[in-house]
Amino acid sequence: MENSVMDDSRRDLRFDWGRDEILEILDMPLIDLMWKAQNIHRSNNIYAVQLASLFSVKTGGCEEDCSYCSQSIYSASQIKNHPQYDVEAVLKRAKVAKDEGAERFCMGWAWREIRDGNSFDAMIEMVRGVKKLNMEACVTAGMLSQEQAIRLANAGLTAYNHNLDTSPEFYENIISTRTYQDRLETLERVRKAGIDVCCGGIIGLGESKDDRASLLQVLSNMNPHPESVPINALVSIEGTDLESNKEIDSIEMIRMVSTARILMPKSKIRLSAGREKFSKEAQILCIQCGANSIFYGDELLTTSNPSFEEDRQLLKEVGVKFNTDFGSKNSAVFAK
Ligand code: SAM
Ligand code: DTB
Ligand code: SF4
């Protein structure tokens with residue numbers, strides 16, 4: 001894009017971050033890293049946290065072999081599979097989430113890829129319904145074709161979540177049934193259709209610091225940056241290959257969030273899975289260093305999350321704004 005027509009707010013963004021400089025940031029003395037991230041956050045965003053509720057529209061029976069996931073047919077996890085909920089039931093849940101203060105409603109399907117037909121038609125209706133509630137709508141349902149992305153865009157989908165999970169180098173230790181390239185191609189289709197990209201990863205899979213830097217390099221070299229970047233801490237679920245992985249130290253999460261904020265100053269950095277294991281103080285530090293969205297509601301997909309009540313209490317204590325006024329992207333109001 002030529003400078004003369006470049007949106008002012010994008011002028012300072014960089015898309016050429018190198019591996020070594022990212023590693024250097026990830027490894028900074030914590031106190032300096034947090035200061036740098038906080039400064040960048042303050043000069044690019046207001047202190048507001050977006051509340052995104054998650055609902056599992058179709059649970060279990062997925063053909064992929066993601067080794068962290070309880071919903072894979074390859075896992076021995078004792079979860080309750082559930083066929084796709086109908087449109088009405090999903091919209092009821094969205095309304096409850098809205099009444100609790102959520103601004104975004106994220107719908108998840110345990111699919112390897114979206115197939116055309118009744119289920120996809122229903123997904124389109126769900127997106128329309130969520131938008132009618134004046135909420136942002138997000139879908140995560142595996143790979144999708146260009147035509148499907150365009151249909152979702154026409155239905156008003158705000159964002160599509162498709163994570164890279166880890167570095168290109170470590171990826172094949174975690175998933176063998178689809179490639180990193182497959183994921184990148186889905187993300188390109190989402191971008192091309194004009195839908196916001198929600199793309200992040202997981203820490204605690206057994207990856208090295210280099211892998212974390214490498215994942216952050218792929219994300220921060222996307223132009224534009226993903227509009228939202230979920231950072232998940234592995235929830236080690238019984239029956240999955242990663243059930244015995246060591247719990248991630250919250251300091252690692254703070255480092256990851258801070259570095260993501262420095263590299264992608266304007267993206268929404270979402271504190272995602274694993275938040276239940278972090279103390280209030282650790283979560284507060286993440287927010288201070290740039291996390292500006294959380295999954296909000298008692299359940300994620302197959303695991304639990306802090307309650308609506310606990311989270312509202314936490315955010316009030318921190319004094320950040322939440323419950324965005326939908327009139328403008330940047331106008332948040334203090335919760336009453
Ligand atoms: N099936 C779709 C897909 O994988 O694209 C959508 C749902 S999938 C559960 C969405 C994301 O949740 C995964 O890509 C992964 O990053 C995250 N996730 C799944 N299980 C997790 C776990 N046990 N701990 C942390 N993150 C997890
Ligand atoms: C994302 O990055 N994390 C969410 C959402 N996108 C779909 C999913 C977390 C799942 C945690 C494990 C579970 O509940 O099964
Ligand atoms: Fe399937 Fe998604 Fe779970 Fe992978 S993460 S097994 S694609 S539901």
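Which side chain makes a polar contact with the side chain of Ser293? In this predicted model, the partner is the side chain of Arg270, at 2.7 Å.

## Ser293 in strand E9

Ser293 belongs to strand E9, which covers residues 291-295. Ser293 has a relative accessible area of 1%. The cut-off for buried is under 20%, so Ser293 counts as buried.

Leave aside residues up to four places away in sequence, and Ser293 touches two stretches of the chain. Val49, Gln50 and Ala52 are among its contacts. Lys268, Ile269, Arg270 and Leu271 complete the list. Arg270 is thus named twice: as a contact of Ser293 and as its side-chain polar partner.

## Ser267 in the loop before strand E8

Ser267 lies in a loop. Helix H8 (250-263) is on one side of that loop, and strand E8 (268-271) is on the other.

Is Ser267 buried or exposed? Its relative accessibility is 4%, so Ser267 is buried. Residues up to four places away in sequence again set aside, Ser267 touches His225, Pro226, Glu227 and Val229, along with Arg261 and Asn292. Of these, Arg261 falls in helix H8 (250-263). Asn292 falls in strand E9 (residues 291-295), the strand that also holds Ser293.

## The site of ligand 3

Where does ligand 3 sit? Ligand 3 occupies the largest cavity.

Its surroundings include three cysteines: Cys62, Cys66 and Cys69. Glu64, Tyr68, Ser72, Ala110, Trp111 and Arg178 make up the rest of the shell. By class, the shell has six nonpolar residues, one polar and two charged. The charged pair is Glu64 and Arg178, and the polar residue is Ser72.

Key. Residues are numbered from 1 along each chain as its sequence is written. Chains are lettered from A and ligands numbered from 1 in the order in which they are written. This is a predicted model: local features need pLDDT of at least 70, side-chain atom pairs count only at pLDDT 80 or more; totals for chains, interfaces and linings use all residues. Side-chain values use heavy atoms; hydrogens and water are left out. Helices (H or I, at least four residues) and strands (E, at least two) are DSSP runs, numbered from the N terminus. Buried means under 20% relative accessible area, exposed over 50%, partly exposed in between (1.4 Å probe, protein chains only). A polar contact is a pair of N or O atoms within 3.5 Å; within protein, one must be able to donate a hydrogen and the other to accept it, and residues adjacent in sequence count only if both atoms are side-chain atoms. Contact means heavy atoms within 4.5 Å. A residue is near a molecule or strand if one of its heavy atoms lies within 4 Å of it. On a 1 Å grid over the protein atoms alone, a cavity is a set of points where a 1.4 Å probe fits but cannot get out, and a pocket is an open set with protein on both sides within 12 Å along at least five of seven lines; lining residues have an atom within 4 Å of a point. A molecule sits in a cavity or pocket if more than half of its atoms lie within 2 Å of its grid points.
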